[in-house]
Amino acid sequence: MEHIHITDVAPRDGLQNQPVHLDAQAKLQLAQLLAKAGVRSIEATSFVSPKAVPQMADAAELLPLLRHALPDLRTSVLVPNLKGLERAHSAGATEIAVVLSATETMNRKNINMGLDQATEVSEQTLAEAHKLGLRTRAYVAVAFDCPFEGETPLDEVLRLAHRMHRAGAGEIVIADTIGSASPGMVKQRMGALAEAIALDRLSIHLHDTRGMAVANAWAALEVGIRRFDASVGGIGGCPFAPGATGNIATEDLVYMLERAGYSTGYDLDALIETARWIGEKIGRPAPSALSRAGGWPKRG
Ligand code: COA
Ligand code: ZN
(Lines give C-alpha, C1' and ligand atoms only; values in the text may rest on other atoms or scores of the structure.)
(Ligands and ions follow the chains in the order given, each with its own letter.)
Protein backbone atom coordinates (compact mmCIF):
# COMPACT_ATOMS: atom_id res chain seq x y z
CA MET A 1 0.00 0.00 0.00
CA GLU A 2 1.28 3.42 -0.86
CA HIS A 3 1.90 5.63 2.16
CA ILE A 4 0.50 9.14 2.43
CA HIS A 5 2.20 11.62 4.71
CA ILE A 6 -0.13 13.85 6.74
CA THR A 7 0.95 16.72 8.98
CA ASP A 8 -1.69 17.62 11.55
CA VAL A 9 -1.81 21.39 11.85
CA ALA A 10 -4.65 21.56 14.41
CA PRO A 11 -2.46 22.81 17.27
CA ARG A 12 -1.48 25.84 15.14
CA ASP A 13 -3.91 26.50 12.27
CA GLY A 14 -6.75 24.86 14.17
CA LEU A 15 -6.39 26.90 17.34
CA GLN A 16 -5.01 30.25 16.17
CA ASN A 17 -8.46 31.65 15.41
CA GLN A 18 -10.57 30.13 18.20
CA PRO A 19 -12.48 32.46 20.51
CA VAL A 20 -11.65 30.03 23.34
CA HIS A 21 -7.90 30.09 24.03
CA LEU A 22 -6.39 26.77 25.08
CA ASP A 23 -3.52 26.84 27.55
CA ALA A 24 -0.22 25.06 26.98
CA GLN A 25 -1.27 22.01 29.02
CA ALA A 26 -4.39 21.52 26.88
CA LYS A 27 -2.32 21.93 23.71
CA LEU A 28 0.13 19.34 25.01
CA GLN A 29 -2.78 17.01 25.68
CA LEU A 30 -4.01 17.54 22.11
CA ALA A 31 -0.57 16.61 20.74
CA GLN A 32 -0.50 13.53 22.97
CA LEU A 33 -3.91 12.41 21.71
CA LEU A 34 -2.77 12.95 18.14
CA ALA A 35 0.41 10.95 18.72
CA LYS A 36 -1.69 8.15 20.25
CA ALA A 37 -3.84 8.19 17.09
CA GLY A 38 -0.70 7.49 15.05
CA VAL A 39 0.10 11.04 14.00
CA ARG A 40 3.83 11.36 13.30
CA SER A 41 4.05 15.00 12.26
CA ILE A 42 2.37 18.14 13.60
CA GLU A 43 2.57 21.89 13.29
CA ALA A 44 2.59 22.82 16.94
CA THR A 45 2.41 26.59 17.21
CA SER A 46 3.67 29.84 15.76
CA PHE A 47 6.29 32.29 16.95
CA VAL A 48 4.45 35.41 15.84
CA SER A 49 3.52 38.65 17.53
CA PRO A 50 1.30 37.91 20.55
CA LYS A 51 -0.59 41.07 19.66
CA ALA A 52 -1.40 39.66 16.22
CA VAL A 53 -2.31 36.13 17.43
CA PRO A 54 -2.81 35.95 21.21
CA GLN A 55 -3.83 32.27 20.92
CA MET A 56 -0.18 31.43 20.13
CA ALA A 57 1.41 33.66 22.79
CA ASP A 58 2.53 30.59 24.78
CA ALA A 59 4.72 29.17 21.97
CA ALA A 60 7.96 29.41 23.97
CA GLU A 61 6.34 27.63 26.90
CA LEU A 62 4.64 24.94 24.82
CA LEU A 63 7.46 23.82 22.54
CA PRO A 64 9.83 22.54 25.28
CA LEU A 65 6.89 20.68 26.90
CA LEU A 66 6.15 18.98 23.58
CA ARG A 67 9.77 18.16 22.79
CA HIS A 68 10.14 16.61 26.23
CA ALA A 69 6.88 14.63 26.28
CA LEU A 70 6.89 13.57 22.63
CA PRO A 71 10.51 13.47 21.45
CA ASP A 72 9.71 11.25 18.44
CA LEU A 73 6.92 13.44 17.10
CA ARG A 74 8.03 15.58 14.17
CA THR A 75 7.13 19.07 15.31
CA SER A 76 7.20 22.11 13.07
CA VAL A 77 6.48 25.68 14.13
CA LEU A 78 5.50 28.66 12.01
CA VAL A 79 7.81 31.69 11.98
CA PRO A 80 7.07 34.86 9.98
CA ASN A 81 10.50 36.50 10.25
CA LEU A 82 14.00 36.27 11.76
CA LYS A 83 12.76 37.27 15.18
CA GLY A 84 10.34 34.34 15.09
CA LEU A 85 13.16 32.02 14.05
CA GLU A 86 15.35 33.24 16.90
CA ARG A 87 12.55 32.69 19.42
CA ALA A 88 11.75 29.25 17.98
CA HIS A 89 15.41 28.20 18.04
CA SER A 90 15.81 29.29 21.66
CA ALA A 91 12.76 27.21 22.56
CA GLY A 92 14.31 24.12 20.97
CA ALA A 93 12.65 24.02 17.55
CA THR A 94 13.89 21.39 15.10
CA GLU A 95 11.69 22.40 12.17
CA ILE A 96 10.20 25.73 11.09
CA ALA A 97 7.75 26.92 8.44
CA VAL A 98 7.88 30.32 6.77
CA VAL A 99 4.70 31.88 5.47
CA LEU A 100 4.71 33.68 2.15
CA SER A 101 1.42 34.70 0.54
CA ALA A 102 1.19 34.91 -3.24
CA THR A 103 -0.36 38.39 -3.33
CA GLU A 104 0.72 41.82 -2.19
CA THR A 105 -2.37 42.54 -0.05
CA MET A 106 -2.47 39.19 1.75
CA ASN A 107 1.16 39.60 2.82
CA ARG A 108 0.42 43.08 4.12
CA LYS A 109 -2.64 41.93 6.07
CA ASN A 110 -0.94 38.83 7.45
CA ILE A 111 2.63 39.88 8.20
CA ASN A 112 2.72 43.61 7.45
CA MET A 113 5.15 43.29 4.53
CA GLY A 114 4.73 43.64 0.79
CA LEU A 115 5.24 40.65 -1.51
CA ASP A 116 8.87 41.41 -2.40
CA GLN A 117 9.87 41.99 1.20
CA ALA A 118 7.97 38.91 2.37
CA THR A 119 9.75 36.82 -0.27
CA GLU A 120 13.17 38.12 0.79
CA VAL A 121 12.43 37.69 4.49
CA SER A 122 11.25 34.12 3.85
CA GLU A 123 14.47 33.38 1.95
CA GLN A 124 16.63 34.88 4.70
CA THR A 125 14.73 32.99 7.37
CA LEU A 126 15.15 29.69 5.48
CA ALA A 127 18.88 30.36 5.01
CA GLU A 128 19.37 31.10 8.72
CA ALA A 129 17.30 28.06 9.70
CA HIS A 130 19.48 25.84 7.49
CA LYS A 131 22.62 27.26 9.14
CA LEU A 132 21.11 26.25 12.47
CA GLY A 133 20.53 22.73 11.12
CA LEU A 134 16.74 22.97 11.20
CA ARG A 135 14.32 21.28 8.81
CA THR A 136 12.15 23.70 6.89
CA ARG A 137 8.78 24.12 5.23
CA ALA A 138 7.61 27.09 3.19
CA TYR A 139 3.96 27.98 2.75
CA VAL A 140 2.80 29.61 -0.43
CA ALA A 141 -0.53 30.92 0.91
CA VAL A 142 -3.56 32.12 -1.09
CA ALA A 143 -2.25 29.95 -3.94
CA PHE A 144 -5.69 29.70 -5.56
CA ASP A 145 -7.63 32.84 -4.60
CA CYS A 146 -6.89 35.83 -2.41
CA PRO A 147 -9.72 37.28 -0.30
CA PHE A 148 -8.53 40.77 -1.28
CA GLU A 149 -7.25 40.44 -4.86
CA GLY A 150 -9.32 37.61 -6.37
CA GLU A 151 -7.92 34.68 -8.34
CA THR A 152 -4.17 34.40 -7.83
CA PRO A 153 -2.23 34.14 -11.13
CA LEU A 154 -0.79 30.63 -11.50
CA ASP A 155 2.48 32.10 -12.81
CA GLU A 156 2.91 33.91 -9.53
CA VAL A 157 2.37 30.73 -7.52
CA LEU A 158 4.92 28.92 -9.71
CA ARG A 159 7.42 31.77 -9.39
CA LEU A 160 7.19 31.88 -5.59
CA ALA A 161 7.26 28.10 -5.23
CA HIS A 162 10.46 28.11 -7.32
CA ARG A 163 11.97 30.79 -5.10
CA MET A 164 11.20 28.74 -1.98
CA HIS A 165 12.56 25.63 -3.72
CA ARG A 166 15.80 27.41 -4.64
CA ALA A 167 16.04 28.67 -1.05
CA GLY A 168 16.17 25.01 -0.04
CA ALA A 169 12.80 24.64 1.70
CA GLY A 170 12.44 20.97 2.57
CA GLU A 171 8.76 21.07 1.79
CA ILE A 172 6.78 23.62 -0.21
CA VAL A 173 3.24 23.76 1.07
CA ILE A 174 0.70 25.08 -1.42
CA ALA A 175 -2.18 26.53 0.59
CA ASP A 176 -5.80 27.11 -0.31
CA THR A 177 -6.04 29.54 2.59
CA ILE A 178 -9.68 30.52 2.06
CA GLY A 179 -10.97 27.15 0.86
CA SER A 180 -12.04 28.40 -2.56
CA ALA A 181 -10.25 25.92 -4.83
CA SER A 182 -12.15 23.31 -6.81
CA PRO A 183 -10.86 19.94 -8.05
CA GLY A 184 -10.24 21.14 -11.61
CA MET A 185 -8.15 24.03 -10.36
CA VAL A 186 -6.23 21.77 -7.98
CA LYS A 187 -5.40 19.37 -10.82
CA GLN A 188 -4.21 22.17 -13.04
CA ARG A 189 -2.14 24.00 -10.42
CA MET A 190 -0.69 21.05 -8.54
CA GLY A 191 -0.01 19.33 -11.88
CA ALA A 192 1.98 22.38 -13.06
CA LEU A 193 3.87 22.52 -9.75
CA ALA A 194 4.59 18.79 -9.81
CA GLU A 195 6.32 19.21 -13.18
CA ALA A 196 8.74 21.66 -11.62
CA ILE A 197 9.24 20.44 -8.05
CA ALA A 198 10.00 16.92 -6.82
CA LEU A 199 6.85 15.33 -5.41
CA ASP A 200 8.48 14.48 -2.09
CA ARG A 201 9.02 18.22 -1.53
CA LEU A 202 5.53 19.32 -2.47
CA SER A 203 2.49 19.28 -0.26
CA ILE A 204 -1.01 20.74 -0.20
CA HIS A 205 -2.84 22.55 2.61
CA LEU A 206 -6.60 22.63 2.08
CA HIS A 207 -9.48 24.37 3.80
CA ASP A 208 -13.08 23.17 3.59
CA THR A 209 -14.85 26.54 3.46
CA ARG A 210 -16.89 25.56 0.40
CA GLY A 211 -17.10 21.81 1.05
CA MET A 212 -14.50 21.04 -1.62
CA ALA A 213 -11.60 19.91 0.53
CA VAL A 214 -11.92 16.13 0.21
CA ALA A 215 -12.61 16.38 -3.52
CA ASN A 216 -9.61 18.68 -3.82
CA ALA A 217 -7.43 16.20 -1.94
CA TRP A 218 -8.51 13.50 -4.38
CA ALA A 219 -7.63 15.77 -7.32
CA ALA A 220 -4.20 16.39 -5.77
CA LEU A 221 -3.68 12.63 -5.31
CA GLU A 222 -4.47 12.09 -8.98
CA VAL A 223 -1.59 14.33 -10.02
CA GLY A 224 0.81 12.57 -7.67
CA ILE A 225 0.70 14.65 -4.46
CA ARG A 226 1.45 12.42 -1.49
CA ARG A 227 1.88 14.97 1.31
CA PHE A 228 -1.04 16.73 2.95
CA ASP A 229 -1.71 19.12 5.82
CA ALA A 230 -4.95 18.48 7.73
CA SER A 231 -6.45 19.43 11.07
CA VAL A 232 -8.16 17.01 13.43
CA GLY A 233 -11.85 17.85 13.71
CA GLY A 234 -11.57 20.16 10.70
CA ILE A 235 -11.06 23.14 12.98
CA GLY A 236 -9.04 26.15 11.92
CA GLY A 237 -8.61 29.17 9.74
CA CYS A 238 -6.50 32.25 9.27
CA PRO A 239 -7.53 35.27 11.36
CA PHE A 240 -6.34 37.61 8.60
CA ALA A 241 -8.23 35.99 5.71
CA PRO A 242 -11.89 37.00 5.95
CA GLY A 243 -14.35 34.15 5.51
CA ALA A 244 -11.85 31.31 5.82
CA THR A 245 -13.09 28.35 7.86
CA GLY A 246 -11.57 25.09 8.99
CA ASN A 247 -8.91 22.94 7.41
CA ILE A 248 -9.66 19.64 5.76
CA ALA A 249 -10.36 17.33 8.70
CA THR A 250 -7.64 14.74 9.30
CA GLU A 251 -10.24 12.02 9.89
CA ASP A 252 -12.16 12.85 6.69
CA LEU A 253 -8.92 12.72 4.70
CA VAL A 254 -7.86 9.45 6.37
CA TYR A 255 -11.24 7.86 5.62
CA MET A 256 -11.03 8.82 1.96
CA LEU A 257 -7.43 7.64 1.63
CA GLU A 258 -7.72 4.35 3.48
CA ARG A 259 -10.87 3.33 1.61
CA ALA A 260 -9.00 3.96 -1.62
CA GLY A 261 -6.21 1.60 -0.53
CA TYR A 262 -3.61 4.09 0.68
CA SER A 263 -2.00 3.76 4.08
CA THR A 264 -1.73 6.68 6.49
CA GLY A 265 -0.69 4.98 9.72
CA TYR A 266 -3.47 6.90 11.46
CA ASP A 267 -6.20 5.33 13.60
CA LEU A 268 -9.57 6.66 12.45
CA ASP A 269 -11.46 5.92 15.67
CA ALA A 270 -8.77 7.57 17.79
CA LEU A 271 -8.83 10.62 15.52
CA ILE A 272 -12.59 10.87 15.91
CA GLU A 273 -12.25 10.70 19.69
CA THR A 274 -9.66 13.46 19.49
CA ALA A 275 -11.97 15.54 17.28
CA ARG A 276 -14.76 15.20 19.83
CA TRP A 277 -12.37 16.06 22.65
CA ILE A 278 -11.20 19.21 20.88
CA GLY A 279 -14.85 20.14 20.19
CA GLU A 280 -15.51 20.05 23.92
CA LYS A 281 -12.41 22.13 24.62
CA ILE A 282 -13.34 24.88 22.14
CA GLY A 283 -16.98 24.81 23.15
CA ARG A 284 -18.55 23.72 19.87
CA PRO A 285 -18.63 20.43 18.00
CA ALA A 286 -15.79 19.88 15.54
CA PRO A 287 -17.11 20.40 12.00
CA SER A 288 -15.69 17.23 10.42
CA ALA A 289 -18.04 14.80 8.65
CA LEU A 290 -16.49 11.70 10.23
CA SER A 291 -16.80 12.95 13.80
CA ARG A 292 -20.54 13.25 13.15
CA ALA A 293 -20.86 10.01 11.13
CA GLY A 294 -18.92 8.02 13.74
CA GLY A 295 -16.26 6.23 11.73
CA TRP A 296 -16.17 3.11 9.56
CA PRO A 297 -19.50 1.73 8.36
CA LYS A 298 -20.45 -1.69 9.71
CA ARG A 299 -18.28 -4.38 8.12
CA GLY A 300 -19.27 -7.89 7.07
N1 COA B 1 7.37 37.12 17.49
C2 COA B 1 7.06 37.96 18.50
N3 COA B 1 7.13 39.28 18.42
C4 COA B 1 7.54 39.80 17.24
C5 COA B 1 7.88 39.00 16.15
C6 COA B 1 7.78 37.60 16.31
N7 COA B 1 8.09 36.76 15.32
N8 COA B 1 8.25 39.78 15.14
C9 COA B 1 8.15 41.04 15.57
N10 COA B 1 7.71 41.07 16.84
C11 COA B 1 7.48 42.23 17.70
C12 COA B 1 8.59 43.24 17.65
O13 COA B 1 9.61 42.89 18.54
C14 COA B 1 7.88 44.51 18.07
O15 COA B 1 7.65 44.47 19.46
P16 COA B 1 7.50 45.80 20.34
O17 COA B 1 6.29 46.50 19.84
O18 COA B 1 7.36 45.28 21.73
O19 COA B 1 8.77 46.55 20.08
C20 COA B 1 6.53 44.34 17.40
O21 COA B 1 6.34 42.92 17.22
C22 COA B 1 6.46 45.04 16.07
O23 COA B 1 7.55 44.61 15.27
P24 COA B 1 7.55 44.78 13.69
O25 COA B 1 8.77 44.14 13.14
O26 COA B 1 7.30 46.23 13.34
O27 COA B 1 6.34 43.87 13.30
P28 COA B 1 4.94 44.25 12.68
O29 COA B 1 4.13 45.04 13.61
O30 COA B 1 5.17 44.77 11.31
O31 COA B 1 4.29 42.78 12.59
C32 COA B 1 4.56 40.41 12.38
C33 COA B 1 4.88 41.76 11.80
C34 COA B 1 4.99 39.38 11.34
C35 COA B 1 5.33 40.20 13.66
C36 COA B 1 3.04 40.30 12.68
O37 COA B 1 2.32 40.78 11.58
C38 COA B 1 2.59 38.90 12.99
O39 COA B 1 2.96 38.31 13.99
N40 COA B 1 1.72 38.31 12.18
C41 COA B 1 1.16 37.00 12.48
C42 COA B 1 0.75 36.34 11.24
C43 COA B 1 0.08 35.03 11.53
O44 COA B 1 0.37 34.32 12.47
N45 COA B 1 -0.88 34.68 10.64
C46 COA B 1 -1.58 33.46 10.75
C47 COA B 1 -0.81 32.31 10.25
S48 COA B 1 -0.48 32.35 8.52
ZN1 ZN C 1 -4.48 27.17 6.83
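Visitor: How many residues surround ligand 1?
Guide: In this predicted model, the closest residues to ligand 1 include S49, R87 and N110, together with N81 and N112. By class, the shell has nine nonpolar, six polar and four charged residues. The number of residues that surround ligand 1 is 19.

Visitor: Which residue has a polar side-chain atom 2.6 Å from an oxygen atom of ligand 1?
Guide: Two contacts involve a nitrogen atom of the ligand: a polar backbone atom of G84 lies 3.2 Å from a nitrogen atom of ligand 1, and an N or O atom in the side chain of N81 lies 2.9 Å from a nitrogen atom of ligand 1. The side-chain contact at 2.6 Å to an oxygen atom of ligand 1 belongs to N112.

Visitor: Which element gives the largest share of the shell around ligand 1?
Guide: Ligand 1 sits in the largest pocket. The elements that give two or more residues to its shell are α4 (82–90) and α5 (104–111). The largest share, three residues, comes from α4.

Visitor: Is H207 buried or exposed?
Guide: H207 is found in the loop between β9 (202–205) and α9 (213–222). A residue counts as buried under 20% relative accessible area. Because its relative accessibility is 2%, H207 counts as buried.

Visitor: Which residue has its backbone oxygen 2.7 Å from a polar atom of the side chain of H207?
Guide: The backbone oxygen of G246 lies 3.4 Å from a polar atom of the H207 side chain. The backbone oxygen at 2.7 Å from a polar atom of that side chain is the one of T245.

Terms used:
Residues numbered from 1 in each chain as written. Chains lettered and ligands numbered in written order. Predicted model: local features only at pLDDT ≥ 70, side-chain atom pairs only at ≥ 80, totals over all residues. Heavy atoms only, no water. Near = heavy atom within 4 Å. Polar contact = N/O pair within 3.5 Å; in protein donor to acceptor, adjacent residues only side chain to side chain. 1 Å grid on protein atoms, 1.4 Å probe; cavity = no way out; pocket = protein on both sides within 12 Å on 5 of 7 lines; lining within 4 Å. Sits in = over half its atoms within 2 Å of the grid points. Helix = DSSP H or I, 4+ residues; strand = E, 2+ residues; numbered from the N terminus. Nonpolar A, V, L, I, M, F, W, Y, C, P; charged D, E, K, R; others polar. Buried < 20%, exposed > 50% of the residue type's maximum accessible area, 1.4 Å probe, protein only.
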